[in-house]
Amino acid sequence: MPRGKYVNHKGRNRNFTSPEQLEEERKNEEKKKWRKTQEASSSDDEDEEQEGSEKGSDDESSESEEEAKGASSVIEIQNPNRVQKKAFQKVEEVDEEEKPQLSRKEREQIEKQKAHAAYQKRHAEGKTAQAKADLARLAIIKQHRAEAAARREAEKKAKDDKK
């Protein structure tokens, strides 16, 4: 008896499956397959006979079977990560004018572009604080240049008068 959890297979005798045993297993599998096909075909025949007598009730029972499968009929699941099967939509039902759903990043990028365009428009009109500061700075620079030009004119006249 080996000690420990793991068994070492080295040095043991090997067991080979005999060809007769393999053939028996293959025949058993074929019999099982044949039985399954026979059962499926016989159940299909029985279903066809029942459908002839009950046309309307069969549709209702298949829908109730689909709804009753699993624990979903007993327990209401509110898992946001659960992926539900999407129902197929017919071509007539799909709205052609419906805009495609944008991702959060795309929406934020579009909003950012719109906000930037609106800011540039207000800035060009002189309504933003930065535009007002720029205009005030420009007014001061114009005033300094005008004073410098007036000073130069005065110096030029003074030189002309001396000559």
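Student: Which relative accessibility does E30 have, the value by which it counts as partly exposed?
Tutor: We're on a predicted model, where local features need pLDDT of at least 70 and side-chain atom pairs count only at pLDDT 80 or more, while totals for chains, interfaces and linings use all residues. Residues are numbered from 1 along each chain as its sequence is written, and side-chain values use heavy atoms, with hydrogens and water left out. Buried means under 20% relative accessible area, exposed over 50%, and partly exposed in between (1.4 Å probe, protein chains only). E30 counts as partly exposed because its relative accessibility is 45%.

Student: Okay, which residue does E30 form a salt bridge with?
Tutor: A salt bridge here is a side-chain nitrogen of Lys or Arg within 4 Å of a carboxyl oxygen of Asp or Glu. For E30, the closest N and O atoms of the pair are 2.6 Å apart. The two residues are 4 apart in helix α1, about one turn of the helix. The partner of E30 is R26.

Student: And which residue 3 places from R26 in helix α1 is about one helical turn away?
Tutor: An α-helix has 3.6 residues a turn, so residues three or four places apart point the same way. R26 is partly exposed at 39%, and its side chain also meets a second Glu in a salt bridge, 2.2 Å from N to O. That Glu is linked with R26 and E30 in a network of salt bridges. The residue about one helical turn from R26 is E23.

Student: How many salt bridges does the structure hold?
Tutor: Among them is one outside that network, where the side chains of K127 and E125 meet at 3.3 Å, N to O. K127 is exposed at 56%, whereas E125 is partly exposed at 46%. The count for the structure is 5.

Student: What pattern does the protein chain follow along the sequence?
Tutor: Helices (H or I, at least four residues) and strands (E, at least two) are DSSP runs, numbered from the N terminus. The protein chain has 4 helices and 0 strands. Read along the sequence, that gives α-α-α-α.

Student: What share of the 163 residues is buried?
Tutor: Start with the surface: the protein chain exposes about 17100 Å² (Shrake-Rupley, 1.4 Å probe; for residues, only the protein chains shown count as cover). Carbon and sulfur atoms supply 49% of that area. Buried residues make up 2%.

Student: Which helix holds R35, a member of the positive patch?
Tutor: Patch members have over 30% relative accessible area and no salt bridge, with like charges joined within 9 Å and nonpolar side chains (Val, Leu, Ile, Met, Phe, Trp, Tyr) within 5 Å. Lys and Arg count as positive, Asp and Glu as negative, with His and the chain ends not counted; each charge is placed at NZ of Lys, CZ of Arg, CG of Asp or CD of Glu. K27, K31, K32, R35 and K36 form the positive patch, and R35 is partly exposed at 49%. R35 sits in residues 19-53, helix α1.

Student: Where's E24, from the negative patch?
Tutor: The patch of negative charge gathers E20, E24, E25 and E29 on the surface. The place of E24 is helix α1.

Student: How much accessible area do V74, I75 and I77 have together?
Tutor: I77 lies in the loop between α2 (56-68) and α3 (104-125), and I77 is partly exposed at 45%. V74, I75 and I77 form a nonpolar surface patch of about 310 Å².

Student: Which residue with positive phi follows α3?
Tutor: α3 has 22 residues and reaches 32 Å from its first C-alpha to its last, close to the expected 32 Å (1.5 Å times one less than its number of residues). After α3 the phi is near 85 degrees, at G126.
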